[in-house]
Amino acid sequence: MEVLRPTLIRIGERIYRKNFIQEQSCQNEEEEDFYTGPGDCADEPCDAFTVEETERGFQCKLKAPSPLYKYIIGKKGETKKRLEMETRTSISIPKPGMEGEIVITGQQRSGVISAQTRIDVLLESFRKKQPFTHFLSFALNQLEIQEKFLKFKEEVLEKCSKDRGVSSSLFQNPAKLHLTLGTLVLLNEQEIQKACEILQRCKEDFIDKIIGGKPLPVEMTGIEYMNDDPAMMDVLYAKVCMKDGSDKLQVIADRLMEHFVSSGLMIKEWDRVKLHATVMNTLFRKDPNGEERNYINIGKSPFKERESFDGRNIMKLFENFYFGELQLNSVHLSERFSTDTSGYYATSGQLTFS
């Protein structure tokens with residue numbers, strides 16, 4: 001990295017210069033002290049903080065969800081103490097479980113800015129380690145689709161149950177058939193509300209222009225598998241596409257992802273959203289919610305301790321299976337590990353097309 005051209009890190013609406021450090025592996029981050037020291041980040045961001053001048057010096061406030069407070073406090077309070085000592089500030093953090101503002105006060109403006117910079121980096125680092133709480137989804141659980149899915153399941157078990165690993169426990173709950181557009185970490189009610197507001201802005205900014213306030217007519221037809229070897233499958237999914245052959249569904253999915261990534265509530269994992277409706281998953285063997293729980297293992301192999309199945313005959317017999325057509329009329333902000341009265345995931349908010 002060139003000294004005159006350091007890497008820039010965007011966190012929210014601020015941009016920071018990052019100095020090179022040699023990374024060291026650490027374990028049990030949640031329990032161990034984690035501190036962004038002077039060498040990790042420049043003390044001042046590339047844009048201005050909102051710092052107020054008071055009778056006793058300077059002060060700034062920042063909002064953070066309560067589940068992240070412990071990372072600023074550190075083990076036995078060491079992170080907070082070190083931050084205060086090295087920046088010559090006092091940091092007031094709400095009590096655990098209480099939502100509020102973190103208040104930084106100090107005699108020097110530069111010290112207050114330095115403390116806030118380091119706290120922002122800490123929060124961003126540990127937010128990325130949190131398991132997701134919500135996800136954007138299209139529901140694919142219309143009655144016709146569920147009936148065709150159950151027929152698919154019945155025929156697969158009838159014709160392929162003797163193939164290695166194939167069993168009824170692999171199949172998705174038909175009431176929860178869906179397309180996932182992206183996962184989010186929403187740690188308090190304010191962040192959930194922010195996500196709902198972004199969703200509504202997307203309708204005004206681009207969705208209405210693409211589809212003109214009408215539902216999306218799509219088809220759920222054909223199956224495909226995730227890995228390269230059909231004899232060692234872990235995930236089998238149904239393909240979903242626009243009935244007229246256009247790319248409107250893909251464009252909407254990609255632009256929704258981009259908007260939420262830019263807000264900081266979603267991490268970009270792929271250049272494009274992979275439109276797929278999971279119908280069989282080896283994670284379901286031991287846990288019907290396995291597909292959701294798998295996202296907890298950030299940075300770990302998603303296929304660890306999974307018993308694959310031989311899907312060659314399934315592909316041969318059902319490659320072009322037709323699950324039906326449906327009208328997609330809303331995007332849901334779905335809650336993990338939840339179920340509503342219809343059997344689908346509980347919804348924290350939604351965007352309706354028509």
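**Two sheets, two cores and a buried cysteine**

Cys160 lies in helix 4, and this residue makes a good starting point for a walk through the structure, which is a predicted model. Cys160 is buried, since its relative accessible area is 0% and the cut-off for a buried residue is under 20%. Which residues surround Cys160, once its neighbours within four places in sequence are left aside? The contacts are with Val166, Asn313, Ile314, Leu317 and Phe318. Helix 4 therefore holds a residue with 0% relative accessible area. The chain also brings distant parts of the sequence together here: Cys160 and Arg312 are 152 residues apart in sequence, yet their C-alpha atoms are 9.4 Å apart in space.

A second residue of helix 4, which spans residues 143-160, is Gln146. Is Gln146 buried or exposed? With a relative accessibility of 18%, Gln146 counts as buried, because the cut-off lies at 20%. The side chain of Gln146 reaches the backbone oxygen of Asn141 at a distance of 2.7 Å. Beyond residues up to four places away in sequence, Gln146 touches Asn141, Pro174 and Ala175.

Stepping back to the whole protein chain, the secondary structure comes to 8 helices and 14 strands. The chain has 354 residues, of which 47% count as buried. About 19200 Å² of the protein chain is exposed, and carbon and sulfur atoms supply 47% of that area. How many of the contacts between residues at least 6 apart in sequence join residues at least 24 apart? The share is 75%.

The next topic is the nonpolar interior. The largest nonpolar core has 60 residues, and those with the most contacts inside it are Phe152, Leu236, Leu249, Val279 and Ile314. Helix 5 (residues 189-211) gives this core its largest share, 9 residues. A second core, separate from this one, has 27 residues, including Leu62, Ile72, Ile102 and Phe132. Leu236, named above for the largest core, has a long list of partners: leaving aside neighbours within four places in sequence, its contacts include Phe152, Val279 and Ile314, along with Ile223, Tyr225, Met280, Phe309 and Met315. Ile314 is thus a contact of Leu236 as well as a contact of Cys160.

Now to the sheets. In general, the strands of a sheet pair through backbone hydrogen bonds, either parallel or antiparallel. One open sheet here has 4 strands in the order 3-4-6-5, with antiparallel pairing. Its edge strands are strand 3 (52-54) and strand 5 (89-92), each of which pairs on one side only. From one strand to the next, the twist averages 25 degrees.

Within this sheet, strand 3 and strand 4 form a hairpin with 2 residues between them. These two strands pair in the antiparallel sense over 3 bridges, and Glu52 stands opposite Gln59 in strand 4. Strand 4 also pairs with strand 6, again in the antiparallel sense, over 6 bridges. In that pairing, Lys63 has Glu101 of strand 6 as its bridge partner. Strand 6 (residues 101-106) in turn pairs with strand 5 over 4 bridges, in the antiparallel sense; there, the bridge partner of Thr89 is Gly106. Helix 3 (residues 109-127) packs on the sheet and touches strand 4 (57-63), strand 5 and strand 6, with its direction at about 15 degrees to that of strand 4.

Another open sheet has 4 strands in the order 8-7-13-14, and the pairing is antiparallel. Why does one side of strand 8 (178-184) and of strand 14 (347-352) lack a neighbour in the sheet? Both strands stand at the edges with a single partner strand each, so one side of each is left without a neighbour. The twist in this sheet averages 25 degrees from one strand to the next.

Strand 13 (residues 330-335) and strand 14 run antiparallel and are joined by 5 bridges; Val331 has Leu351 of strand 14 as its bridge partner. Helix 5 lies across strand 7 (134-139), strand 13 and strand 14, and runs at about 10 degrees to strand 14. Helix 6 (residues 248-263) packs on the sheet as well, where it touches strand 7, strand 8 and strand 13, with its direction at about 15 degrees to that of strand 8.

Terms used:
Residues are numbered from 1 along each chain as its sequence is written. This is a predicted model: local features need pLDDT of at least 70, side-chain atom pairs count only at pLDDT 80 or more; totals for chains, interfaces and linings use all residues. Side-chain values use heavy atoms; hydrogens and water are left out. Buried means under 20% relative accessible area, exposed over 50%, partly exposed in between (1.4 Å probe, protein chains only). Contact means heavy atoms within 4.5 Å. Accessible areas come from the Shrake-Rupley method with a 1.4 Å probe; for residues, only the protein chains shown count as cover. A polar contact is a pair of N or O atoms within 3.5 Å; within protein, one must be able to donate a hydrogen and the other to accept it, and residues adjacent in sequence count only if both atoms are side-chain atoms. A nonpolar core is a set of buried Ala, Val, Leu, Ile, Met, Phe, Trp, Tyr and Cys residues joined through side-chain atoms within 4.5 Å. Two strands pair if DSSP finds at least two bridges between them. Axes are lines fitted to C-alpha atoms, for helices over the stretch in contact, and angles run from 0 to 180 degrees between N-to-C directions.
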